[in-house]
Amino acid sequence: MTLPTPELHTARLRLRPFTDADAPPLYALHSSANVLRYWDSPPWTEPVRAQRFIATCRTIEGEGTGARVAVDRVSDGAFIGWCGLTSWNPDFRSASLGYVFDAAAWGHGYATETAHAVLRWAFDTLDLNRVQAETDTRNVASARVLQKLGFVREGTLREDCVVNGDVSDSWVFGLLRREWHPTAGR
């Protein structure tokens with residue numbers, strides 16, 4: 001079953017399916033050690049990784065296991081990051097939320113605004129019951145984004161990742177449909 005990647009809009013952002021033209025800015029985003037300092041894989045060192053990421057976006061959509069959207073700022077059309085749902089399970093009505101934004105976009109509420117739009121689609125269109133997210137325990141800013149959206153910290157995965165050579169813990173957050181407030185985090 002195909003899960004069509006949505007085209008969503010907010011007052012400041014356009015969320016859309018990835019295109020091949022997104023490879024250069026996507027590579028720039030994922031090759032930044034600063035942006036990925038809490039990510040569970042190292043920064044990209046080869047531009048072909050961006051093309052593989054875009055191909056994977058198409059694959060998970062075609063398999064019906066997820067959807068990722070590129071995020072553009074409406075004011076200037078700049079690509080500022082991405083957000084997506086993966087591990088979509090229609091039987092359990094659940095999925096995992098993830099996002100990455102360029103450092104220049106941090107502190108402007110874009111991650112919260114984007115994730116809010118994706119969550120609205122997840123609960124209203126996909127009829128999800130649960131969305132899960134994980135973040136490195138050192139990534140306090142990402143934890144704040146999730147809490148603004150109504151996610152509840154459910155636990156800690158101890159030493160579950162190696163980030164830049166350091167063993168790290170991750171927090172697990174969950175948001176249930178009955179706890180979702182469409183006005184939260186906007």
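**Entry 1: the sheet.** I looked up the strand order in this predicted model and found an open sheet of eight strands, which runs β1-β2-β3-β4-β5-β6-β8-β7 with mixed pairing. I noted that β1 (8-9) and β7 (152-163) are the edge strands, since each of them pairs on one side only. As a reminder to myself, strands of a sheet pair through backbone hydrogen bonds, either parallel or antiparallel.

**Entry 2: one strand pair.** I then followed β1 to its partner β2, residues 13-16, and found that the two pair in the antiparallel sense over two bridges. Within this pair I saw that His-9 stands opposite Arg-14, which belongs to β2.

**Entry 3: helices on the sheet.** I turned to helix α2, residues 48-63, which packs on the sheet and touches β3 (67-73) and β4 (79-89), its direction making about 125° with that of β3. For helix α3, residues 110-124, I wrote down that it lies across β1, β2, β3, β4, β5 (94-101), β6 (130-136) and β8 (166-176), and that it runs at about 30° to β4.

**Entry 4: empty space.** Rolling a probe the size of a water molecule over the atoms shows where empty space is left. How many cavities of 30 Å³ or more does the structure hold? I found one, and the space in the largest cavity comes to about 30 Å³. Its lining includes Pro-6, Arg-68, Cys-83, Leu-85 and Trp-121, and the elements that give two or more residues to this lining are β3, β4 and α3. By residue class, I recorded seven nonpolar residues, one polar and one charged in the lining of the largest cavity.

Key. Residues numbered from 1 in each chain as written. Predicted model: local features only at pLDDT ≥ 70, side-chain atom pairs only at ≥ 80, totals over all residues. Heavy atoms only, no water. Pairing = 2+ DSSP bridges. Helix = DSSP H or I, 4+ residues; strand = E, 2+ residues; numbered from the N terminus. Contact = heavy atoms within 4.5 Å. Axes fitted to C-alpha atoms, helices over the stretch in contact; angles between N-to-C directions. 1 Å grid on protein atoms, 1.4 Å probe; cavity = no way out; pocket = protein on both sides within 12 Å on 5 of 7 lines; lining within 4 Å. Points joined across faces, edges and corners; volume = space filled by probe spheres on them. Nonpolar A, V, L, I, M, F, W, Y, C, P; charged D, E, K, R; others polar.
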